[in-house]
Every structure is written in structure tokens, then in C-alpha cells.
Amino acid sequence: MFLIGGSILALVIVGSAATLMGGKYSGAQWFDLVVFGVALGSIYALIALGYTMVYGILRMINFAHSEVFMSGPFTAYFLADAWGKSGFLEENPVLGLLVIFALAMTISLVVAVLLERIAYRPLRFAPRLVPLITAIGASFFLQYFFRGLYGPNIKPYPEIAVLKQYLRFGDLRIQYVQILVIVAAALMMAGLQLIVQRTRVGKAMRAVAEDKQTAALMGIDVDNIIVITFMIGGALAGAAGVLYALMFRQVSFIMGFIPGIKAFTAAVLGGIGNIPGAMVGGLFLGVIESLGPSLFLDGLGIPAPQQLKDAIAFTLLVLVLIFRPSGILGEKLAEKKA
Amino acid sequence: MKAKSNVDALLPIKIGLIGGIVAVSIALEGMIQAFSTRDIVSGVISMGHMLLLITLFASSYIAISRSGASQPARVLFAGALSGVVSSSLMAVLLWTGNFLPLGGMFVNATSQLYALLTFKQGVMTGSLFMLILGLVMGASSALVYLLPGRVRQSALGALALVVALGVLQELVTVTSSTFDALTPVIKFLYATNGLSTAGAITIFVAIAGISYLWSQRGTQIQSGINRLPPTSQRALRWTSILVGIAILLLLPKILGLYLSEVLDNVGLYMLMGLGLNIVVGFAGLLDLGYVAFFAIGAYTVGVLTSPELGRAIITDSWWLALPFAIAVAVLAGVLLGIPVLRMRGDYLAIVTLGFGEIIRIMVGSDFLRSILGGSQGVLLIAKPEVGPIKIINPPEFYYLFLGGCLLVIFISVRVKNSRLGRAWMAMREDEDVAQAMGINLVATKLLAFGLGASFGGLAGAMFASKLGSVYPASFNFLVSVNVLSLIIIGGMGSIPGVVVGALALVGLPELLREFAEFRFVVYGAALVVMMLTRPEGLVPEARRQIELEEFREVGKAPPGADAVVLKTLGQP
């Protein structure tokens with residue numbers, strides 16, 4: 001087992017060394033990749049928070065979370081498109097984006113709450129496989145339901161001229177959209193941390209995550225707290241979805257699948273159930289994914305390394321689950337065996 | 001329930017609203033439009049309208065049975081109220097669509113949809129029609145509810161059969177065309193599109209009558225058979241088995257080319273379903289990357305027998321490549337099994353999903369292009385030969401799939417009742433207890449992965465040679481989901497369940513080509529509904545069936561899905 005891990009590590013080191021010696025990429029290019037990775041990673045982190053919070057409380061993977069992520073921006077597309085065409089978004093980018101965010105977050109929130117109410121709540125005490133299969137079914141249902149509603153085509157998000165410009169420091173540059181993504185994600189994560197650590201609701205959430213029965217005995221409405229958790233997770237996913245749409249400028253019914261798995265990887269990477277862990281895990285995964293193909297795959301002489309970008313994330317997931325299933329920061333919660 | 005039997009309008013309204021939301025969703029998903037060209041009774045009702053009627057009927061029926069009303073007036077009230085509430089939501093859709101350009105957002109909100117829903121009468125008359133329709137469906141569901149149980153069952157069963165015969169017109173006419181004697185009957189029953197009116201009425205009356213009589217006499221006949229001496233009982237069983245085999249052997253002759261192709265696909269998914277059934281159904285290990293083994297089997301055969309990849313052919317015999325395909329799949333299964341042995345159920349699901357994706361990305365990448373053909377795939381894969389006969393066409397492949405399925409079913413049945421099968425089931429119920437009973441978890445899990453993978457490899461090998469080529473696009477996550485859905489809907493761990501699941505989930509969509517677009521919406525919804533209401537599946541495994549019957553005999557079944565779930569799956 002450790003032989004496999006060691007050899008993979010050796011390959012990564014050899015590959016990275018070869019690329020760095022070769023000097024194929026300039027410093028500015030590396031900087032670009034890192035910034036892109038951090039931006040992508042913040043999006044993963046926002047989605048991962050939804051997985052991790054739900055896992056912390058219900059001990060289940062909410063497979064349909066990737067569809068919660070998709071539903072908001074996909075619905076908000078129609079507003080964004082209309083405003084993009086009428087020029088409203090160019091004139092009032094701040095107000096326009098705020099409304100788009102609010103709409104997408106609301107839709108995602110509603111989808112998340114409905115999901116909990118219809119699909120998960122009746123199965124809360126069922127054996128593990130049952131809610132898991134329900135979640136997979138719900139994920140597929142939602143994906144294809146939205147495909148039926150809005151059509152199967154990939155839709156382009158409107159372009160906002162301001163966001164396309166670059167902030168320059170000599171040789172280095174950052175695109176404004178990336179700044180927006182990183183700052184917005186950081187703000188939301190700080191807000192979440194504040195809610196969880198400083199408010200009564202946050203305290204109740206932590207209590208429910210620790211022990212549902214005891215929490216109920218202490219007068220906490222467990223059902224209510226679970227709904228709130230889904231609401232927060234849904235809203236964050238919706239916001240992440242708009243950020244994703246602004247960065248890659250496209251939405252479709254399938255857009256949640258890959259980011260969903262990646263975000264789950266991030267959650268596991270940071271230690272599932274652990275909120276700061278999800279943030280760290282997301283950033284780490286984003287940077288690895290952005291640097292990886294150029295850094296170590298290129299050095300190993302693999303052609304078209306970008307094609308294998310997703311394979312890196314999945315391999316990382318498998319490796320983490322094998323060697324350190326409790327993640328980088330460790331699971332916050334004592335594992336209860338189902 | 002008694003306390004609630006005062007005129008309680010809240011529940012019918014609530015369920016009516018849910019029914020209405022479902023009906024509006026069906027309309028906006030485009031289902032009514034897609035099915036509107038297929039008539040069930042020619043010129044009278046199309047399948048699209050039927051869908052709407054069934055939704056209205058079913059939601060009112062559920063509203064009545066949930067409200068627990070028993071007096072005719074109250075039943076009628078609850079049904080009609082719920083029906084009208086549902087249809088008023090549809091009317092709201094019509095009015096909104098009349099004033100707002102919904103088509104800009106919802107691709108299916110077209111004028112064609114409105115024309116269908118208003119019966120081309122304009123929004124005013126149309127929405128009035130819709131309300132009346134809701135009232136009528138609600139009232140008729142109340143009437144059906146008030147019928148005595150046996151009559152109700154016969155009538156609903158006959159109605160379901162009429163709908164099925166109307167929908168499956170192509171299957172029925174093609175099948176019967178081999179028997180000349182049936183031609184006048186078919187001519188009477190069917191018009192060019194759907195059943196003829198006279199035919200529909202005849203079928204309904206005949207089937208309702210027969211099933212009513214059968215419900216009276218059926219138990220007598222059954223007990224009559226049971227009273228026969230054991231030798232003739234055995235003879236009876238053998239005769240029915242022989243007849244079944246004869247029908248299976250003759251099927252491609254009766255069904256023709258296209259339907260044989262459909263059967264081939266059913267067989268393919270049945271093979272995969274039986275393999276996944278071992279991993280998920282018997283051993284309780286949720287595998288979401290089953291497509292990986294299918295891909296490995298297909299690519300092994302491809303690489304071994306294709307002359308396309310610019311090197312000497314290793315072998316040109318499919319039969320020689322087959323053992324390698326199975327062996328490589330088993331190896332992959334065991335290799336995947338080793339690292340995930342200690343993993344919890346939900347992590348296992350996501351790791352196997354990741355594994356499936358890695359395999360797909362790898363075979364499609366330029367990195368392995370020289371070996372696996374990259375995104376262009378592998379072409380010119382060998383076809384199997386049996387003696388002098390080369391298997392090329394769908395009807396010939398049918399026999400290959402039939403043989404494969406029978407073999408795999410045989411293995412599954414034997415393994416299930418073996419010591420190993422019992423160990424799997426013990427592990428599924430509780431790993432810790434199973435281990436305490438002396439079951440070697442490592443070996444047992446690896447055997448499940450290996451055997452499951454071998455069936456997948458076999459399916460892949462057959463798939464590759466049937467198509468003659470393999471492409472990475474054929475091995476996406478949807479295949480895994482398809483297979484998983486069919487075993488879960490059929491009944492986890494149940495071998496007949498896999499057969500039924502494959503016929504229903506793979507066979508039906510191919511017969512109803514309009515349905516193909518909606519299959520994943522329906523599968524997803526079916527998985528959720530199945531888990532909520534009937535987690536043991538359509539054809540439950542015997543063990544669970546027994547548990548369920550005991551539970552029903554005790555008669556303490558509290559209403560609501562969760563209690564059923566808890567009880568059937570043996571949780572406190």
C-alpha cells in the first residue's frame with residue numbers, strides 16, 4: 001500500500017523537478033496558474049461547506065448538492081441574460097450582480113430545503129444505503145428536471161467588461177473576476193464562521209452535530225436546525241454557482257457534476273464535518289488542479305496533460321481516503337459507526 | 001383517523017396542490033407534448049393527455065385514501081376538491097402563459113403545449129375545460145374508491161392493460177404478425193395509431209370480466225394444483241419451464257430485427273445488473289463506478305482482437321480474448337477492492353465513482369492513445385464464431401446474450417444459496433456481527449468485487465464485439481446509474497428483480513422512443529419514490545418479503561413511509 005503511495009509521490013517530485021529545471025514556464029505564468037487555482041479553490045470551498053455541514057449533522061453525503069449548486073445560477077441565467085442584452089449590467093454592475101446573486105442563492109436555498117423535506121427527512125433513521133441511494137436518485141432527477149425545463153444547451157453568461165480587465169503589478173496580473181471570486185468567497189466564509197461560532201443558531205448547529213438526542217433534550221428543535229443547515233449550505237452553493245458562471249461564463253444542467261465531486265473531494269481532504277477544513281481542502285485542491293498538469297505531468301513527458309486534470313483530483317481523492325481518511329485537519333466529529 | 005373525519009378540506013387541498021405541481025411540471029418538462037403523437041385509443045385520447053388524466057386521478061385518489069373518509073358524500077367531496085385544486089394550477093399555467101412569454105425561459109412552454117392543454121379552445125374556454133376535467137377526474141377517483149375491492153381491482157387492472165396495449169402497439173402488431181391467424185383480431189383491435197374504439201372497449205370488458213372471475217376462482221385453481229400428487233406437480237413445473245425455454249429460443253424469429261436489438265440491450269444490462277447485484281445487492285457495497293469493469297472488458301477484447309491499432313493482431317478469435325477480458329476485469333475489481341476494504345459505505349460510493357471516471361478519462365486521453373486509441377476508440381473488433389456460424393446480426397447476438405444471461409443467472413443463484421452468499425448477506429446486515437461470527441471480511445468483500453467485476457467484464461466483451469468498436473464516450477457515469485437504478489427498482493439482491501428491472505428500465509424506453517428523453521428524470525424520481533415507499537423493490541428478495549409479511553400480519557403498521565422503511569430493513 002505504502003509502496004503505491006511512495007511511488008506516486010516520487011513520480012510527482014521527479015515530474016515537478018523536471019518541469020522546473022526545464023524552465024518551460026515563466027514566473028508570471030506560474031503566478032497566473034496559482035491565482036486561477038486559488039479562485040477555483042474558493043469556489044470548491046464554498047460548495048464543500050454544504051457537503052461538510054450536512055455530513056456533520058446527518059452523517060450522509062448529500063449527493064444532490066451539486067444540483068443545488070447548478071439550480072441557482074442556471075435559473076438566474078435568464079435574468080442575467082436579459083440584463084446583459086439590455087445593457088443594464090454594464091451600467092450598474094454592482095447592483096445587477098447583487099440581484100443576480102440574491103436570486104441564485106434563493107433558488108438554490110429553496111431547492112436544498114425541498115430536497116431535505118421531501119427526500120431526506122422521512123429517511124433520517126433508515127440504514128445508510130437507503131438515504132444514499134435516495135440522494136443519488138434526487139441528484140439525477142434534479143439534473144434532468146432542469147434540463148427538461150431550461151433545455152439541454154450550454155448557455156453563455158453575459159460578459160461584464162469591468163470584470164475582464166486586469167489588475168497589474170509590473171509583470172504580474174490578476175483578472176478582476178478572479179479578485180471578485182476570491183473576495184466574495186472569503187467574505188462568505190468569514191460570515192459563516194461568524195454564524196457558526198458566535199450566534200445561538202450556530203451553537204445549536206454545533207450541538208446537533210455533536211449529538212442529536214442530547215441537543216433535543218436541551219430544547220433545541222433539531223428539525224429546524226437541520227433545515228437551517230440546508231438553507232445555509234444551499235445559499236452558499238448558489239453563490240458559488242454564480243461565481244463559477246462568471247469565471248467560466250457558461251451554465252448548463254450538467255455543470256454541477258464535476259465541481260460537485262471535486263468539492264466533495266475538498267471536503268474529505270480537509271476532514272469531513274470540519275468547516276475550516278473544507279475551506280483549506282478547497283483551496284488546496286484548486287491549486288493542485290491548476291498547477292498539477294503543468295507542474296508534474298508535463299515534466300513526466302505526458303502529452304496533453306490538461307486532459308488528465310480531472311484524473312488528478314479523483315486520484316487525490318482515492319489516495320486521501322486510503323491513507324488519511326480523516327483529512328488534513330482531521331474530522332471534527334467522533335465517527336459513529338453506522 | 002376518526003377525529004379527522006369531520007369535513008376536512010385542508011388535506012385534499014394540500015395533496016391537490018402537490019398533484020397540480022406535478023401536473024404543471026410534467027407539462028413544462030415537455031412530456032405531454034412528446035407523447036401527444038402516440039394515441040392510446042385512436043382519435044379519442046393520446047398518451048400525453050392520458051398522463052395528465054392519470055396525474056389528476058392519482059392525486060385525488062391519494063387525497064381520498066389519506067383523508068380516511070368512508071361516507072360516500074365525503075369521499076366525493078375530498079376527491080372532487082383535490083381534483084379541482086390540481087387542475088386550477090394547470091389553469092394558472094395557461095393564464096400565465098397567455099400573458100407572459102414563458103417560452104423564453106421554459107423551452108417547452110410553446111404554443112403547441114397550450115393548444116394541447118386547452119384543446120385548441122383558447123385560454124378562456126380551455127381553462128374552464130381544465131377545471132371541469134379536474135372535477136370529473138376527482139369525482140371518478142371517488143367513485144372508483146367506493147367500488148367494492150374486487151371490482152375496483154379488476155377495473156383498474158383492465159384499464160392499465162388497455163393503456164399498455166395502446167402504448168405498446170408496435171410490439172403487439174410485430175409479434176402477432178408471425179401468426180396469420182391473429183391478423184383479423186389485430187385488425188379489429190388496432191387502428192393505424194393506437195387502439196380502435198371498439199377494440200379498447202372489448203379489451204376492457206373482456207379483461208375486467210376475466211380478472212373478476214379469476215379473483216373468485218384463482219385461489220381455488222391454485223389450491224387444486226397444490227392438491228395434485230407430487231409427480232404431476234413436478235411434471236407441470238417442468239412443462240412450464242420447457243415452454244418458457246422454447247419461447248425464449250424463438251423470440252428473435254417472432255420479434256424481428258429491431259426488437260431483437262432491443263432484447264440485446266436488455267440482455268446487456270441484465271448481465272451488468274446481475275454483476276452489480278452481487279456487489280450492491282448481496283454484499284451491500286455501494287459501487288457507483290461499475291461502468292469501469294464494463295469498459296475494461298470491452299477494451300481488453302478491443303485491444304486484443306483489433307488490427308486497427310497499428311500492430312500485429314494478437315488474436316482474431318473473440319472466444320480467445322474473452323477469458324482475458326474477464327480476467328482483467330476481475331483483477332481490476334480486486335485491485336479496487338483492496339484499498340477500499342476498510343472504507344465506510346458512503347466513501348466507498350464516491351471512491352468507486354472516482355475510479356469509474358478515472359478509467360473513462362484515461363481511455364479517452366492522448367496519453368494512452370497508442371494503446372487504447374484515445375478519443376477515436378478501437379475499431380474492427382472480432383465477432384464471435386460458433387463452429388461455422390459467425391455471429392453478426394442482432395438476432396444472432398440475442399442467443400449469445402441469452403446464453404450469457406442464463407449462465408450468469410445460474411451462477412448467481414448457486415452463489416446466493418452457498419456459504420459465500422450467506423456470508424455476503426450477513427455482512428450486508430451488519431459487518432461487525434458478521435466478523436464476530438467468523439466471516440473473513442477481506443476475502444468475502446474481495447470475492448464480491450471480483451465476481452461482480454467478472455460479469456461486468458463479460459458484458460463489456462459482448463458489447464465490444466456486438467458494436468465492433470469501442471469509444472470512451474460509451475462508458476460514462478450514466479451507464480453506472482442505469483445499472484444501479486435497474487437493480488434497485490427491481491429489488492436489491494433479487495435475481496428475478498434484475499430481470500424485471502432490465503426489462504422495465506431498458507426495454508420499455510426503447511419501445512417508447514419519445515420516452516428516451518425523459519428516462520433519467522423518471523429514473524431519478526423512481527429511485528427516490530422507491531426508497532421512500534418500497535425500499536425492497538418491485539420483486540423483493542424472498543428474505544425481505546418474508547420479513548415484510550410477518551410485519552403486516554402483526555398489523556401494527558403505522559402509516560407513513562419511514563416506519564415501513566425502518567421495519568423492512570430491520571432497524572430498531
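This is a short dialogue on how to read some features of a predicted model.

Reader: Happy to start! How is chain B divided?

Author: Chain B has two parts: domain 1 covers 2-222, while domain 2 is made of 245-309 + 397-568. Their C-alpha centres lie 32 Å apart.

Reader: How many residues of domain 1 of chain B are in contact with domain 2 of chain B?

Author: Here, two residues are in contact if their C-beta atoms lie within 7 Å. On that basis, twelve residues of domain 1 of chain B meet ten residues of domain 2 of chain B. On the domain 1 side, α2 (31-34) and α8 (169-176) of chain B each supply at least two residues. The most comes from α8(B), with four residues. Sorted by class, that side of domain 1 of chain B has seven nonpolar, two polar and three charged residues.

Reader: Now the contact between chains, please. Which helix of chain B gives the largest share of the side that touches chain A?

Author: Begin with the totals: 46 residues of chain B are in contact with 43 residues of chain A. Helices that each supply at least two residues of the chain B side are α14 (345-364), α20 (477-490), α22 (519-533) and α24 (561-568) of chain B. Of these, α14(B) provides the largest share, 13 residues. By class, the side of chain B that touches chain A has 33 nonpolar, eight polar and five charged residues.

Reader: Let's turn to a single helix. Why does the distance between the end C-alpha atoms of α11 of chain A agree with its number of residues?

Author: The idea is to take 1.5 Å times one less than the number of residues. Helix α11 (residues 222-248) of chain A has 27 residues, so it should span 39 Å, and its end C-alpha atoms are 38 Å apart, which agrees. After α11(A) comes A:R249, with a positive phi near 55°.

Reader: Is α11(A) mostly covered or mostly uncovered?

Author: Mostly covered: 20 of the 27 residues in α11(A) are buried.

Reader: And the nonpolar core? Which residues have the most contacts inside the largest one?

Author: A nonpolar core joins buried nonpolar residues through C-beta atoms within 7 Å. The largest one has 271 residues, and A:A45, A:L46 and A:A239 have the most contacts inside it. Helix α2 (residues 27-58) of chain A gives the most to this core, with 18 residues. Chain B takes part too, as domain 1 and domain 2 of chain B each give at least three residues to this core.

Reader: What is A:A45 in contact with, leaving aside its neighbours within four places in sequence?

Author: Those partners are A:A185, A:M189, A:A266, A:A278, A:M279, A:G282 and A:L283.

Key. Residues numbered from 1 in each chain as written. Chains lettered and ligands numbered in written order. Predicted model: local features only at pLDDT ≥ 70, side-chain atom pairs only at ≥ 80, totals over all residues. Domains from an automatic or database assignment. Nonpolar A, V, L, I, M, F, W, Y, C, P; charged D, E, K, R; others polar. Buried ≥ 20, exposed ≤ 12 C-beta atoms within 10 Å, placed from the backbone.
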